[in-house]
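Biologist: Mind walking me through this one? I'd like to hear about the domains, a helix pair and the ligand.

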Amino acid sequence: MTEAAAIDVVLIGAGIMSATLGTFLKELEPSLSISVLEVLSDCALESSGSWNNAGTGHAANCELNYTPQRPDGSVDISKALEVNTEFDLSRQLWAYLVRKGAIADPRDFIHPCPHMSFVWGETNVAFLKARFKAMSANHCYRGMEYSESHAEIGQWAPLIMEGRPADQRVAATRIITGTDVSYGALTHLLFDHLAKQPGVNLSYRHHVRNLKRTDGGRWLIEVEDLQARTVGEITAKFVFIGAGGGALELLQKSNIPEGHGYGGFPVSGIWLRCDAQEVVERHDAKVYGKAAEGSPPMSVPHLDRRVIDGKISLLFGPYAGFTTRFLKHDSLTDLFRSIEPGNIRPMLAVARDNVDLSEYLIGQVLQSKQHQFGILQQFYATASRDEWRLAVAGDRVQIIKPDKDHGGVLEFGTELVGSEDRSLVALLGASPGASTAAFIGLGVLRKCFPDRLTASGWLPKLKEIIPAYGVNLIEDAAACDRIRADTAPVLNRQHLIAARAA
Ligand SMILES: Cc1cc2nc3c(=O)[nH]c(=O)nc-3n(C[C@H](O)[C@H](O)[C@H](O)COP(=O)(O)OP(=O)(O)OC[C@H]3O[C@@H](n4cnc5c(N)ncnc54)[C@H](O)[C@@H]3O)c2cc1C
């Protein structure tokens, strides 16, 4: 690039979030010119890569951190319901793309996989029972099963019951409509489809070094072509910073006042991975347990069946750890470079208020391999050490944001931080993550393009893509049922239909 090319939309980063937003925008306004700039040599090489995340289609079926217990023993399922119905938005978008032929075969990225929660010990059993009572009463969780029977849980997931003391109190819930999603494969499918369309340009090995607003209101983006070793410029009307762990740095560079004071807290991840077919064939579920005291919510241990590139493996973890890197492929100085005068106070406040978390993460780093394996054995007592190996997961950067009362707070969700004139928005944070990419994409549309989301603008097409757009599926049981019935057969038939009948 030698002179500034003028583009409608620049998407920085080629992960699932840019792929999803780009898909929405191009469907809604086919004439848009879109440029995707990615520093690495392909899409989905960071968090969205299939081995870098757990591939859970997060519908808050099994993740116990979304359902806190109240002091009176009852369980608050409001957050779970939100996540559950956010996943319905992704289901609708994916089903639309399959129906229109943009995704040839859903089995290339999504597989049925029962979602289970599993606990042991009196207190945890009582919690799971109360959680089941609250959830199964809601239409969103119709079909959820509960068991305290060793034999029955052993049928659901044999590995977790083998070698367990017969008198141990255990409990499990199961939803057989859960999914395993290869977000890496999905990102590829979405970008393949986008790249075929006129006006879309995907540039790999292009590093966005800087961005600033021009007098005309457009954004001037400085990009280094790592292959050609040249630096060029692009101007864009609208910029989405979907750079994952790199988003904070670019938000800081954009210098929009809305971004001032934000910081990031990186958490690394390690898996134990098993490819031994005689083992993996005996585990057809994602089994989530209870997080250890002081641990961040995303480090809840789980034993997952994964289907990646047509092969089945098991992943256990993630073991969270302390890192100063914001991206797997980035530099160890990321954390230090992100500190600026505006965010020192929030960052210090978070360090002061989260001693438990820091201790937990440092403790995880210091854990021996034997100790890590010991945690797997709490789930799968007869696991054989030589069938498991360590694998490095993606990094997640949690949001530190300014707070009037505390100076700063640490947040585990995601947040869209955008300029007042709606010309730029950055996605910070990482949870629930890829599963809710459609929800996040719709959030960008609402935040930055409200004048286009009208009956004479994008709304009719958007309702074709997301038939339940604007409908609250937590309240509208009939609509929820209809959407799930509609999308289930399109997104991998048998299992989901059978589950609905259950
Ligand atoms: C251990 C772990 C487990 C997870 N499990 C799940 C799960 O089970 N289910 C789920 O839904 N989600 C899960 N997630 C979260 C999910 O992976 C992320 O939310 C999602 O992949 C983020 O997508 P993204 O597109 O924002 O970022 P990424 O996929 O990280 O993509 C960002 C891209 O931006 C590029 N980039 C960065 N800086 C620049 C720059 N300056 N110029 C050009 N390009 C740049 C990067 O190279 C990268 O390719 C998990 C994450 C981790 C780490």
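Modeller: Sure. Two residues count as in contact if their C-beta atoms, placed from the backbone, lie within 7 Å. Keep in mind that this is a predicted model.

Biologist: With that cut-off, how many residues of domain 1 are in contact with domain 2?

Modeller: The protein is divided into domain 1 (58-178 + 476-502) and domain 2 (261-415). Domain 2 brings 19 residues to the contact, and the number from domain 1 is 22.

Biologist: Which element gives the most to the side of domain 1 that touches domain 2?

Modeller: Two elements give two or more residues to that side, helix 5 (158-161) and strand 4 (115-120). The residues there divide into twelve nonpolar, seven polar and three charged. With five residues, the one that gives the most is strand 4.

Biologist: On to the helices: at what angle do the axes of helix 1 and helix 6 cross?

Modeller: Helix 1 covers residues 16-28 and helix 6 covers residues 183-195. Helix 1 passes helix 6 in a left-handed crossing. Among the residues making the contact are A19 and T23 of helix 1 and L186 and L190 of helix 6. The axes come within 9 Å, and they cross at roughly 35°.

Biologist: And which element gives the most to the shell around the ligand?

Modeller: There are 41 residues around the ligand, with G13, G15, G244, G246 and G433 the closest. Strand 9 (206-213) and helix 1 are the elements that give two or more residues to this shell. The one that gives the most, with three residues, is helix 1.

How values were computed:
Residues numbered from 1 in each chain as written. Predicted model: local features only at pLDDT ≥ 70, side-chain atom pairs only at ≥ 80, totals over all residues. Axes fitted to C-alpha atoms, helices over the stretch in contact; angles between N-to-C directions. Helix = DSSP H or I, 4+ residues; strand = E, 2+ residues; numbered from the N terminus. Left-handed = near helix turned anticlockwise from the far one by under 90°. Near = placed C-beta within 6 Å. Domains from an automatic or database assignment. Nonpolar A, V, L, I, M, F, W, Y, C, P; charged D, E, K, R; others polar.
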